[in-house]
Amino acid sequence: MNDPLDPGAVADRTANGTANSSADRTANGSVQDGPDGSPAVPTPRAAPDDPAAAAPALRRLLDLLASGAATEDFADVLADARRRGAPADVLAELDDATWQALRVHRTLRQHRRREAELTALFDTAGDLAASRDLDAVLQAIVRRARMLLGTDTAYLTLPDEAAGDTYMRVTDGSVSVLFQTLRLSLGDGLGGLVAQTARPYATPDYRTDERFHHTGTIDAGVLDEGLVAIIGVPLLLGGRVIGVLFAADRSPRAFSPDEVALLCTLAAHAAIALDTAKALADTRAALAELNSANELVRAHSAAVQRAEQAHDRLTDLVLRGAEVPDVAAAVAALLGGEIAVLDAEGESLAGRSAPAAELAGAVAASRAEGRSVRHGDHWVCAVLAGHDTLGTLVLRGRPDLDDADRRLFERAGVVTALLLLLRRSVAETENRIRGELLTDLLTAPDRDPAGLTARGRRLGVDLARPHLVLVAEPAGPTGPPDRGRLVGAARRHLFGTRGVSAEHGEAVVLLLPEAGDPEEAARQAAERLARLAGFPVTVGAGRPAAGPPALAAAYAEGLRCVRALRVLGRAGEGASARALGFLGVLLGGGHDVDGFVGTALGPLLAYDARRGTELVRTLRAYFDCGGSLTRAKDELHVHVNTVVQRLDRVEALLGRDWNQPERSLELQLALRLQLLAGG
């Protein structure tokens, strides 16, 4: 490609009436090109006869230099002088001045280009110093490369270590989507040659250049963009190629050494930008890690401080003799939720919770893992003492617990276990001492009643007030280990109450402050003792009594009740003498006839009193007549249908089994006792 500043070109353009050729000028001794092709200093000529004749043309040449006119405008000065018929010596002088002006013009243009290049480099350096945006810096470098080299496009590729190839990082002047998304395998294309040799390469025609390996993918992208001449220079960092900077034209072109050097300088800036960006990224990552570590340290410090405060608070509660509800309230305040405490059987000791059956799986998991576990929106922690489950903590209102709060919740389980163990130990000690009192009371109640009562009062047991005596025995054949388990179950059953238990003979005796119906107390005790001991337990209840002699008699009644349950095939149940019907009347020490009659005939007596009927009289007549309706109607002097209607009412009030042998016997005995009592 011809340089528009080449003197030979100007001479060719002025050969037809504008200027002599280089050969003519040389032959005439006017001028010769220098070794580098630039115009040499012309050979001195004789001064024109009229120096003033060339002055206007010379001033015009100076004006063209000052205005930075195009190269072609300088040739027009000599051409105009020829058209005006200037003398030969003036034309020769103008020819020499034109070539001198062209030399100065070329030098000025080179200086301007150098100035523009330096300005671009300074601007790029400023971008590197001022910008922290790698994309913006690389885009500016590629744009300046395209502008300074005057190419159609410029682009920069970087290696993708994960994919094992290179990709287009930045493009400028590109119109092809295929080219902009092109990925190049390492070692392929002109870029691969640059990356392998770490040297710049330029090709005036990419399609015909065989110095590098062509691939279908790369050639298709270059063809789609329409590129022909391409120059690529390496981005070097410590001798290692970290990318390639390209400039390309869509027409053939030979790139000069100055252009190669300029592009190499811009590539060096790009390498610095990449290295700076990497250093900044590493610094940011390190700062982020430090910030994260600092946050972790702060969080850990806060957690430790909070755990220390919680530990101090819980320890203070234990030392001050706080109970389980106090610990639950303190932990609830610390965790910002609601705490419920259940005992080993699922009974609530503090707070409210889901039924124990729903939590059984979570309790088992917590016990197996030795940690708290999540159960829906609840957290569950088994309260353990070794392998023994003492209870359960349940946290509501905090579905998400961090590690610190979870450890605090688990620590609350340890403190709760400690409290429960202390309570159990104290209760067992107290129960052992009180049990000795109970043993003495049952063994010799008449020996010193006043002394036993005073001794009980010192131990917190007021024998002068009514108490309920329960007698419990294993339902099946047992040995000493089973009785020992029943003794422990009795202590746990009375845990948290003012009751007393002791082993006496073959049974375990429980003394409870009177609370409710003896029948219900015996039934509940049988169920819970069986659950705690792990085998069926039969429980008999004596009547409520006060004072050592009466309590001993109540014990004897309860023992007879247990034996009656065994004989009746109802082992494993709980009952009182009153609940055993006529058998209870026979076994009971007080022979509560009125109570038995009221239990057996109460619904009939109440109905007769309210309606004025004769259901009791009809039932007595029916039994007296051996169950004959005909004889009963004669006895009552009513129609047989009336007897049938009355007996239907009896069935509605007493139940369908009223005429079964066992029930029938109870009813007949009650009718006899009622008759004897004058009813």
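**Note on the predicted model: two sheets, their helices and a loop**

1. An open sheet of five strands follows the order 13-14-12-15-16, and its pairing is mixed. Strand 13 and strand 16 (574-576) are the edge strands; each has a single partner strand, so one side of each lacks a neighbour in the sheet. On average, neighbouring strands of this sheet are turned by 20 degrees against each other, direction ignored. The structure is a predicted model, and the remarks here should be read as applying to that model.

2. Within this sheet, strand 12 (residues 467-474) and strand 15 (residues 537-541) run antiparallel and are joined by five bridges. One pair can be picked out for inspection: the bridge partner of Pro474 is Val537 in strand 15. Helix 16 (residues 518-533) packs on the sheet, where it touches strand 12, strand 15 and strand 16. The direction of helix 16 makes about 160 degrees with that of strand 15.

3. At the edge formed by strand 13, is the strand enclosed by the rest of the structure, or is it open? Four of the five residues of strand 13 (residues 500-504) are buried, so the strand is largely enclosed by the rest of the structure. This should be read together with its place in the sheet, since strand 13 is an edge strand with a single partner strand. Burial here is a matter of relative accessible area, with under 20% as the cut-off.

4. The partner on the paired side is strand 14 (residues 507-513): five bridges join strand 13 to strand 14, and the two run antiparallel. Val500 stands opposite Leu511 in strand 14. The two strands form a hairpin with two residues between them, and in this hairpin Gly505 takes a positive phi near 65 degrees.

5. A second open sheet also has five strands, in the order 8-7-11-10-9, with antiparallel pairing. Its edge strands are strand 8 (348-350) and strand 9 (373-375), each of which pairs on one side only. From one strand to the next, the twist averages 35 degrees.

6. Strand 7 (338-343) is mostly covered, with five of its six residues buried. It pairs with strand 11 in the antiparallel sense over six bridges, and Ala340 stands opposite Val394 in strand 11. Strand 7 also pairs with strand 8 in the antiparallel sense, over two bridges; there, the bridge partner of Val341 is Ala350 in strand 8.

7. At the other edge of this sheet, strand 9 is joined to strand 10 (residues 378-385) by three bridges, and these strands run antiparallel. Val373 has Val380 of strand 10 as its bridge partner. Helix 11 (residues 324-335) lies across strand 7, strand 8 and strand 11 (388-396), and runs at about 150 degrees to strand 7.

8. Helix 22 (residues 640-654) has 15 residues and, at 1.5 Å a residue, should span 21 Å; its end C-alpha atoms are 21 Å apart, which agrees. Which residues of helix 22 are buried? They are Val643, Arg646, Leu647, Val650 and Leu654. Seen down the helix axis, the buried residues fall within an arc of 100 degrees, so they line one face of helix 22. An α-helix has 3.6 residues a turn, so residues three or four places apart point the same way. On the other side of helix 22, Gln645 and Ala652 are exposed. Helix 22 is followed by Gly655, whose phi is positive, near 110 degrees.

9. Ala254 lies in the loop between strand 6 (240-249) and helix 10 (257-319). Is Ala254 buried or exposed? Its relative accessible area is 61%, and the cut-off for exposed is over 50%, so Ala254 counts as exposed. Ala254 and Ala202 are 52 residues apart in sequence, while their C-alpha atoms are 8.0 Å apart in space.

10. For the protein overall, there are 23 helices and 16 strands. Of its 679 residues, 43% are buried. Among contacts between residues at least 6 apart in sequence, 60% join residues at least 24 apart. The protein exposes about 34300 Å², and carbon and sulfur atoms supply 53% of that area.

Note on methods
Residues are numbered from 1 along each chain as its sequence is written. This is a predicted model: local features need pLDDT of at least 70, side-chain atom pairs count only at pLDDT 80 or more; totals for chains, interfaces and linings use all residues. Side-chain values use heavy atoms; hydrogens and water are left out. The expected span of a helix is 1.5 Å times one less than its number of residues. Buried means under 20% relative accessible area, exposed over 50%, partly exposed in between (1.4 Å probe, protein chains only). The arc is that of the directions from the helix axis to the C-beta atoms. Two strands pair if DSSP finds at least two bridges between them. Axes are lines fitted to C-alpha atoms, for helices over the stretch in contact, and angles run from 0 to 180 degrees between N-to-C directions. Contact means heavy atoms within 4.5 Å. Accessible areas come from the Shrake-Rupley method with a 1.4 Å probe; for residues, only the protein chains shown count as cover.
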